[in-house]
Structures are given as C-alpha cells and as structure tokens.
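The following exercises introduce a single structure step by step. Please examine the sequence and the model before reading the solutions.

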Amino acid sequence: MSLFNVYPLFDITPVKATDVFVYDENGTEYLDLYGGHAVISIGHSHPKYVKAISDQVAKMGFYSNSIKNPLQTELAKKLVSVSGCKNYELFLCNSGAEANENALKLASFHNQKHKVIAFKNGFHGRTSAAVAATDNAKIVAPLNAQQEVEILELGDLESLENALQKNDCCAVIVEFIQGVGGLDQSTAEFYESADALCKKYNTCFIADEVQSGFGRSGEFFAFQKFNVTPDIISIAKGMGNGFPIGGILIHPSIKASFGLLGTTFGGNHLASVACTTVLEVIEEEKLMDNVKVISAYFLEKAKNIPQIKNCKGRGLMLGLEFNEPVADLRKRLIFNQHIFTGSAKNPNLLRILPPLTLQKGHVDAFFDALKTELK
Ligand SMILES: Cc1ncc(COP(=O)(O)O)c(C=O)c1O
C-alpha cells in the first residue's frame, strides 16, 4: 500500500535527534530551526523526558477517561504554576485542530449561538469548525463550508463590533502571533478591545495558543503581554515536545457537565507524563528567559543582513521577510548548510521555530550560513 500523497517531501530521512540537532540515516547533522513545525519545545530527546515516558510506558501507557487518572490532575496543577493561569479548568485532547474544535463547540454550547468570527491569514486546523475558521479556501471542503464563519481583517474593531451586535456569534478566535499565516500581530488596543467587546456581547474570546503557547513567545502564552482574559485558551504543539497532545483551558464562567466533551485518547497516561515533564523542564531550565535572550540576539544579528527587509513575530516564533520568495533559499539552507527552517503563507518569509533551548552559537552558525547562501 502506498501513502496517500498529501505532503511534498524533502529528500531527507531523520533517524535520530538530540536537543537542537537532527541526524539523517547517513549521520549528517542538521541544525533544527523548524522544531518539526514549532513542536519541539524542550529539545529533542531531552533525557528527563525520555526517562519519564519510558518509565511510564513500562508501568501503563493508556487507560480510559472513564477511570481516574491522577497524572492529568498533576499536569493541570503544574500548568497553573508554570503558566500563571489560575482558576481555569483543563480538558485534554490530541492535537491543535481538536483543541480548537472543542473550544468552538464549547463556546457554542455555552452561549447557544452558532457563528464564528476569525481573522485574515488565521490558521486553526483542519477539522470541521477549525478549518472553516481558517483563512485558506483550498483546505475548506464543501462539508466544512456549511459552518457560518465571518473572516475579518486583523485589527478591524469596527467590523468586529458590527458582527457581534447581531448577537449570533458564539466565538471570536484569534492567534496573538499568527503562525502559518506569516507572523503578523495586531495591537494591544485591538486585542484588549476585542476581549471587551466579546464580554459585552456574550461571545467567547478564544486565544489560539496552539503554536505560540508553552513559552515560545517568551511569555508562557502570547496573550499574556496584554490585559485580556480569554474564555478559552487552546494549546497543543509544544505541550508534548513531539508526543501528540492538545487541550483547552476553560474559564470558570463556562460550566462542565457529564458528556459535554469527550475523547478516547486525550490526556492518556503517556501524554500526561510527557506534558508534565515538558512543564518541569521549561521551569527548571528557565526556558522562557532563554527565549527572550536568544530572540533579542537573533533580531540584533538579523539587522546586519541587508536582504532581510523585516523581522516579524516574537520570542522564538520569528519570520524573516525578504523581497523575493524564499523557497529556493530554504532548500539551499537544508541541502548546502544542513539547517532546517520553515515557510509560511507569505512566500517571502523564512520561519524560525527552533527548540526553546537554542543558544547564541547556534544563531551565529545560522547567520554565517545565511550570509554564504545570500552571496
Ligand atoms: C495556530 C494553530 N492552530 C491550530 C493548528 C492545528 O494544529 P494540528 O496540526 O495539531 O491539528 C496549528 C497547526 O499548525 C496552528 O499553528
């Protein structure tokens, strides 16, 4: 049986990885500034993480959500202390799309409205409501297009209030730093007013922190730079450092009831241990401080490259904008310089999404390589 051919693949086969490096089957070392698409947070094969997962799988890998799982409670406790998000409740699932799907569904259960407001260049996943709220017609099937979604310009408060006034919107969903769309951010005024408008019109304000969460922005959550209180926060990617896990943090104004949400695999024993260990390492190794230091160093060095027209994003969620498409440059970085970077919807943007353990020496190596390829 062949694989359903949906991914255009680079001709490289990674077989091993440590911290910020990935190795192919010939032993070639690649500097990973892509993090498997912002997934690797505490570094590949972190020894504490490997031990925790190995120990857990030797005891018990999985059991059902209809039986007590204290590992989920432990994870929730650690998440409160590392994120500073007190009072929220936690529902665990398996991916970013599933997190947003549950967030949107829960919003609609809560206020009994049905329409979703999302923003241009936003990406929220590929499942039913999540993909309908994603600004990319190519991945929205007719089935998904039945959902009622209005996509507004990021920053357009007037249109937002006009839409909310109609009183049919269950949720406004926003990435505080856009990922796939190209690292755009709006202003504090926009985010704070959007939050206030949601409260005024009884609409849930959903922060999609699937990519920007778990320390990647330098704050635990990107929204924490602003004075906002999301009703629901969706999380995934960096949570498990590669172990599939997602979730939503739910404000106590939204009440649970038996059967409202559910999943077979979500928050299983292995996933819970993976995520708790990620949180412990983020705290013990002060990775959010590291993100701030390395991000500032990276941005300073980027100023010396005349071909870089603009730097976007925050923390270790950055985009380097050039005057022309970067597809070829990205290939040369991989095959000539052995450095992985990411791409975005904006073809001129090179994305930098490394493990949060990145050090100054790795940044130096990247800029030396970039200069060579830009000559
Ligand atoms: C902001 C954001 N939300 C949701 C998703 C979907 O996550 P997943 O691919 O785990 O379903 C992504 C994936 O790139 C994302 O960047």
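**Exercise 1. The two domains**

Task: Determine how many residues of domain 1 are in contact with domain 2, and which elements supply that side of domain 1.

Solution. In total, 25 residues of domain 1 are in contact with 26 residues of domain 2; two residues are in contact if their C-beta atoms, placed from the backbone, lie within 7 Å. On the side of domain 1 that touches domain 2, helix H1 (35–38), H9, strand S11 (310–314) and strand S12 (317–321) each supply at least two residues. Here helices (H or I, at least four residues) and strands (E, at least two) are DSSP runs, numbered from the N terminus. H9 gives the largest share of this side, five residues. Sorted by class, the side has 13 nonpolar, seven polar and five charged residues. In this scheme Ala, Val, Leu, Ile, Met, Phe, Trp, Tyr, Cys and Pro count as nonpolar, Asp, Glu, Lys and Arg as charged, and the others, Gly among them, as polar.

The bounds are 14–44 + 285–374 for domain 1 and 48–284 for domain 2; they come from an automatic or database domain assignment. The C-alpha centres of the two domains lie 26 Å apart.

Two notes apply throughout. Residues are numbered from 1 along each chain as its sequence is written. The model is predicted: local features need pLDDT of at least 70, side-chain atom pairs count only at pLDDT 80 or more, and totals for chains, interfaces and linings use all residues.

**Exercise 2. Helix H8**

Task: Compare the expected span of H8 with the distance between its end C-alpha atoms, and establish why H8 is described as largely enclosed.

Solution. First, the expected span of a helix is 1.5 Å times one less than its number of residues. For the 16 residues of H8 (residues 269–284) this gives 22 Å, and the end C-alpha atoms are 22 Å apart, which agrees.

Second, 12 of the 16 residues of H8 are buried, so the helix is largely enclosed by the rest of the structure. A residue is buried if 20 or more other C-beta atoms lie within 10 Å of its own, exposed if 12 or fewer, and partly exposed in between, with C-beta atoms placed from the backbone. Among the buried residues are Leu270, Cys275 and Ile282. Their cover includes helix H2 (47–59), helix H3 (70–83) and helix H9 (287–302).

Finally, just after H8, lysine 286 takes a positive phi of about 45 degrees.

**Exercise 3. Strand S10**

Task: Identify which residues of S10 are buried on each face, and which strands pair with S10.

Solution. In a regular strand the side chains alternate between the two faces of the sheet. In S10, Gly246, Ile248 and Ile250 are buried on one side, and Gly247 and Leu249 on the other. Five of the five residues of S10 (residues 246–250) are buried, so the strand is largely enclosed by the rest of the structure.

Two strands pair if DSSP finds at least two bridges between them. Strand S4 (residues 89–93) pairs with S10 in the antiparallel sense over five bridges, and glutamate 89 has isoleucine 250 as its bridge partner. Strand S9 (residues 232–235) is joined to S10 by four bridges, also antiparallel; there isoleucine 235 stands opposite glycine 247.
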